[in-house]
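Thanks for coming, everyone. Please have the sequence and the 3D view open while I talk. I will go through it piece by piece.

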Amino acid sequence: MSSSHNLTRRGLLALGAGAGSALLLSACGGGGGPAGPAGPSKAASAAPTTYTGPKVDLAFWNGFTGGDGPFMKKLVERFNGEHPNIKVTMNVYQWADYYAKVPAAVTAGQGPDVGIMHVDSVPTNAARQVIVPLDDLAASLSLTESDFSPPVWKAGVYRNARYAIPLDVHPLGMFYNKAVVAEAGLDPDKPPRTGADYLAALEELKKAGIQGHWATPFPFTGTFQFGSLLHQFGGTLFSADAATATFAQEPGVKALSWLVDLITKGYSPKNVGQDADLIALKNGKAAYNWNGIWTINTLNEAEGLEWGVAPLPVIGDQPAAWAGSHQFVVFKQRARDDDKLAAAKVFINWISQHSIEWAKGGQVPARKTIREGAEFKALEHQSVIGSQIDHLYFLPPVPGIPDASAQIDTAVNQAILLKKEPAAALGEAAAKADKILEQNRKKYGA
């Protein structure tokens, strides 16, 4: 993904943290649970591998405005060429605009047929009946958890109904500047894998006058680093039912303290600006940068840079890494059209089966057969990050959860900027998150 797309992701996070959620709620009313009469019919439940009905036009909306967009465009063009009775038209918006437009369009009866959503947006839109269940699609293809991975498969379920089919995951990985690592006398071909090895490497870098890991106070990717560490220490952000925030418990304090210690021990400068950590890696002022898979494209564009990527080192007791996931959804319509529903399912299935092309745009395919194939393994950087697939975590599938998780951003920011002690910052954030979770239960139904 391009740098501009990274900015879009940050905008999306801010949207989900407040104003965006309000837009979603005000744009589309209705209760929770599976969609009513406008949901998929039995006629549309046939195995969605071929479509033999009359010619249909499908509107496909997404937010792929970055470097990944052309890859999806090519896939859509290829699909259209192979399916003369289905014409898919792809409309692309900035993610923030997309999440505002979709509920309003569905309410007005002018919504798209199929789209992409980030996994943490699925439950809110399911509760508001913006999207419809896809259990029949999964069943007709015999798709199960084993065809993907447990975390990403479970993430698309809301109230015991499946509302999304995973397309990809985009996890954090550890990027490193090989020249900087070698300058400190470390082996550039053997990145640290354990907490002890990582701290030892940072100490050697410090002796060489290099601040190896710049601690960023921003959600991209300070919050994601915190969450990864918290899960490595055995914690969770929220209880399984999202009734309470759990990120202020001992594992969370350990995780945030570890990040703050990077500064107090001299491994990181203070007051790191947005994206300054990645810029420092590119400019030879930092050795390591924990960042998303989209960073592959950014570093590939850096002429003359020798870099590598590895799974996140296991600082705590177990491997864990933050990840996002793009997932296919089908939108509710005022009038059911079984032909369009059947065609949409053929499209979703076809893209999933051809997602090796999507991987080339800087993603990890969710589908196991693609991820374990020779073509994906030949994509060295993507496959390294993808090796973490079974150790990823996602937010609980609860409506409005981004509003509560936004409080974590504040705590991470305050602690890394040395304005508050980690325990105090997390405690205050958890108290506020608990109130938001309670409000959401009333808003969406317990």
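Let me begin with a question: what covers the buried residues of α3? The cover includes two strands, β1 (56-62) and β2 (86-92). It also includes two helices, α14 and α15. Keep those names in mind. We will come back to both helices.

One caution before we go on. This is a predicted model.

Now the overall picture. The chain has 446 residues, and 58% of them count as buried. Its secondary structure comes to 20 helices and 13 strands. Take the contacts with a separation of 6 or more. Residues 24 or more positions apart account for 81% of those.

Back to helix α3. It covers residues 69-82, which is 14 residues. At 1.5 Å a residue, α3 should span 20 Å. The C-alpha atoms at its ends are 20 Å apart, so the expected and modelled spans agree. Which residues of α3 are buried? They are G69, M72, L75, V76 and F79. These residues cover an arc of only 125 degrees around the axis, so they sit on the same side of α3. A general point helps here. An α-helix has 3.6 residues a turn, so residues three or four places apart point the same way. On the other side of α3, K74 and G81 are exposed.

One more residue in α3 is K73. Its relative accessible area is 47%, so K73 is partly exposed. K73 and T89 are 16 residues apart along the chain, and 9.5 Å separates their C-alpha atoms. There is also a partner much further along the sequence. W358 is 285 residues from K73, yet their C-alpha atoms are 9.9 Å apart in space.

That takes us to W358. Where does it lie? W358 is in helix α15, residues 356-359. As we heard, α15 is part of the cover over α3. Is W358 buried or exposed? It is buried, with a relative accessible area of 0%. Now its contacts, leaving aside neighbours within four places in sequence. W358 touches F64, D68, F71, M72 and L75. It also touches L167, D168, H326 and Q363. Two of these, M72 and L75, are among the buried residues of α3. With D168 there is something extra. The side chains of W358 and D168 are joined by a polar contact of 2.7 Å.

Next, helix α9. It has 13 residues, 195-207. The expected span, at 1.5 Å a residue, is 18 Å. The end C-alpha atoms are 19 Å apart, which agrees. The buried residues of α9 are G195, Y198, A201, L202 and L205. Seen down the axis, they fall within an arc of 125 degrees, so they line one face of α9. The face turned away from that side carries the exposed residues A196 and K207. What covers the buried residues of α9? The cover includes β7 (168-177), α8 (178-183), α11 (250-264) and β8 (288-292). After α9 comes G209, with a positive phi near 80 degrees.

Now some backbone details. Most residues other than glycine have a negative phi, and most peptide bonds are trans. Here are some departures from that. Q129 has a positive phi, near 55 degrees. Q129 sits in the loop between α5 (122-127) and α6 (135-140). It is buried, at 17% relative accessible area. A242 also has a positive phi, near 55 degrees. A242 is in the loop between α10 and α11. Its relative accessible area is 3%, so A242 is buried. Then there is a cis peptide bond. Which residues does it join? It joins F220 and T221, with omega about 5 degrees. T221 is in helix α10, residues 219-232.

Last topic: empty space inside. How many cavities of 30 Å³ or more does the structure hold? It holds 2. The second largest has a volume of about 90 Å³. It is lined by 11 residues, and the closest to its centre are D113, Q333, D337, K340 and L341. Here α14 returns. This helix, residues 338-353, gives the largest share of that lining, 3 residues.

That is my tour. Over to you for discussion.

Definitions and conventions:
Residues numbered from 1 in each chain as written. Predicted model: local features only at pLDDT ≥ 70, side-chain atom pairs only at ≥ 80, totals over all residues. Heavy atoms only, no water. Helix = DSSP H or I, 4+ residues; strand = E, 2+ residues; numbered from the N terminus. Expected span 1.5 Å × (residues − 1). Buried < 20%, exposed > 50% of the residue type's maximum accessible area, 1.4 Å probe, protein only. Arc of directions from axis to C-beta. Contact = heavy atoms within 4.5 Å. Polar contact = N/O pair within 3.5 Å; in protein donor to acceptor, adjacent residues only side chain to side chain. 1 Å grid on protein atoms, 1.4 Å probe; cavity = no way out; pocket = protein on both sides within 12 Å on 5 of 7 lines; lining within 4 Å. Points joined across faces, edges and corners; volume = space filled by probe spheres on them.
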